[in-house]
Amino acid sequence: MTNTADTHSAAGESVVDAFGRPLRSLRLSVTDRCNLRCAYCMPEEEYVWLPREDVLTFEEMAELSGYFTELGVDKVRLTGGEPLLRRDLPRLIRLLLQNRHIKEIALTTNGILLADNAEALYQAGLNRVTVSLDTLRPERFRQLTRRDEFARVLEGIESAGRAGFTGLKLDTVAIRGFNDDELVGLIEFGRHFQAEVRFIEYMDVGGANKWAPEKVFSREMMLAVLGKYYGKIEPLPERGSAPAQRFLLPDGGTFGIIPSTTTPFCSTCDRSRVTADGMWYRCLYATTGTDLRKPLREGLSSHDMRALIRAGWQSRRDRGAEERKALEHAGLREGGLIGIDRLREDPHLEMHARGG
Ligand code: SAM
């Protein structure tokens, strides 16, 4: 990767990191709370939550997003925790849409509260919805998530189309020996709702301390299973920095694979993650971040807030997924990334705090 000079465009400044990667997409975690306890994400029953008084208001989130968009961000994804647990999310969407640099606002949700909120989210201007769904079997869902909410997730998926959303996506973490027999079923289920399924390789992030290399159902394994059922599968052209590789089925259907574990996309990663309490991480695997809440609340000028973010991005050298993969090659990767004691000391290190 080479370093290229930052440029200015009509949309604002366009800043690049130490490897020439632009700052384009912002994942804004609106809460660290979740109403599921998925084994690969929140294996513990209880967690150390972010103190409520530290959680940013919608106005603070919109202000912070404004600094990011002035430096190149044009896509915002609302995530969590479970973002729909945050009351009145449509208000945040309306606030964000006052920012002319934002071209797209997307939401990643587990779908439980979607039926109650889909219409208001659509009316507020939300552009895209991704629902996480790992299985079509209610019993498996309960086993994985430790909650009995499968029926509400289905209602949520149905409600998205009714509310007016198009281009729905379903994200499935493929786990070897757990749901690897459901790939075809999930694609067919998705078609029924005009939704494209994206299979995500199991990653050893945050508290995913149940991770083990043998649980990864790799892109190659997925393509083998799907090819056997559907016949010849063709790759579709890549779309910029999007992590999903898309494929075409012989009958015209499509699906995606996000092979983050076996084929990291660090070289094109343009993502920033801001936690609900304003910690900024430049990599999903990063163990240190920048506190943006403190300077924001202390009234640092907008010029200096921008300078702080600009400098943070320009010094970015993270390649977390590639480094994890290198460790595995050297036979040094075992279990989860971060031990549970360390996670209890710093809740920001959890996937549910920094957003998936
Ligand atoms: N609660 C929302 C949801 O369920 O979509 C948003 C937050 S969740 C952390 C975002 C995404 O991260 C989900 O699709 C989830 O499946 C994914 N995820 C969490 N832990 C993961 C892991 N260890 N490997 C791969 N994906 C993971």
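# Exercises on rings, strands and charges

Arg-140 lies over the face of Phe-178, at 5.8 Å from the ring centre. A charge sits over a ring if NZ of Lys or CZ of Arg is within 6 Å of the ring centre and within 35 degrees of the ring normal.

This is a predicted model, in which local features need pLDDT of at least 70 and side-chain atom pairs count only at pLDDT 80 or more, while totals for chains, interfaces and linings use all residues. Residues are numbered from 1 along each chain as its sequence is written, and side-chain values use heavy atoms, with hydrogens and water left out.

**Exercise 1.** Give the strand order of the open sheet and state which strands stand at the edges.

*Solution.*
- Helices (H or I, at least four residues) and strands (E, at least two) are DSSP runs, numbered from the N terminus. Two strands pair if DSSP finds at least two bridges between them.
- The order of the 12 strands is β9-β10-β11-β8-β7-β6-β5-β4-β3-β12-β13-β14, and the pairing is mixed.
- At the edges are β9 (234-235) and β14 (290-291); each has a single partner strand, so one side of each lacks a neighbour in the sheet.
- β14 pairs with β13 (residues 279-281) in the antiparallel sense, over two bridges. Within this pair, Trp-280 is opposite Thr-290 of β14.

**Exercise 2.** Which strands does helix α2 touch, and which does helix α6 touch?

*Solution.*
- Contact means heavy atoms within 4.5 Å. Axes are lines fitted to C-alpha atoms, for helices over the stretch in contact, with angles from 0 to 180 degrees between N-to-C directions.
- Helix α2 (residues 89-96) packs on the sheet and touches β4 (75-79) and β5 (104-109); the directions of α2 and β4 make about 165 degrees.
- Helix α6 (residues 183-192) also packs on the sheet, touching β7 (169-174), β8 (196-201) and β11 (254-258), and its direction makes about 145 degrees with that of β8.

**Exercise 3.** Describe the surroundings of β11: its partners and how far its residues are buried.

*Solution.*
- β8 and β11 run parallel and are joined by three bridges; Arg-198 has Gly-256 in β11 as its bridge partner.
- β10 (residues 245-248) pairs with β11 in the antiparallel sense over four bridges, with Gln-245 opposite Ile-257.
- β10 and β11 form a hairpin with five residues between them, and Gly-252 in the turn has a positive phi of about 95 degrees.
- Four of the five residues of β11 are buried (under 20% relative accessible area; exposed is over 50%, partly exposed in between; 1.4 Å probe, protein chains only).

**Exercise 4.** Why is the pair of Tyr-47 and Trp-49 called tilted?

*Solution.*
- Rings of Phe, Tyr and Trp (its six-membered ring) pair if their centres lie within 6.5 Å; planes under 30 degrees apart count as stacked, over 60 as edge-to-face and the rest as tilted.
- The structure holds nine aromatic pairs. In the pair of Tyr-47 and Trp-49 the centres are 5.9 Å apart and the planes are at 55 degrees, so the pair is tilted. Both residues are buried.

**Exercise 5.** Which parts does the salt bridge of Arg-91 and Glu-59 tie together?

*Solution.*
- A salt bridge is a side-chain nitrogen of Lys or Arg within 4 Å of a carboxyl oxygen of Asp or Glu. There are 27 in the structure.
- Arg-91 and Glu-59 meet at 2.8 Å, N to O. Arg-91 is in helix α2 and Glu-59 in helix α1 (residues 58-69), so the pair ties together parts 32 residues apart in sequence.
- Arg-91 is partly exposed at 31% relative accessibility, and Glu-59 is partly exposed at 42%.
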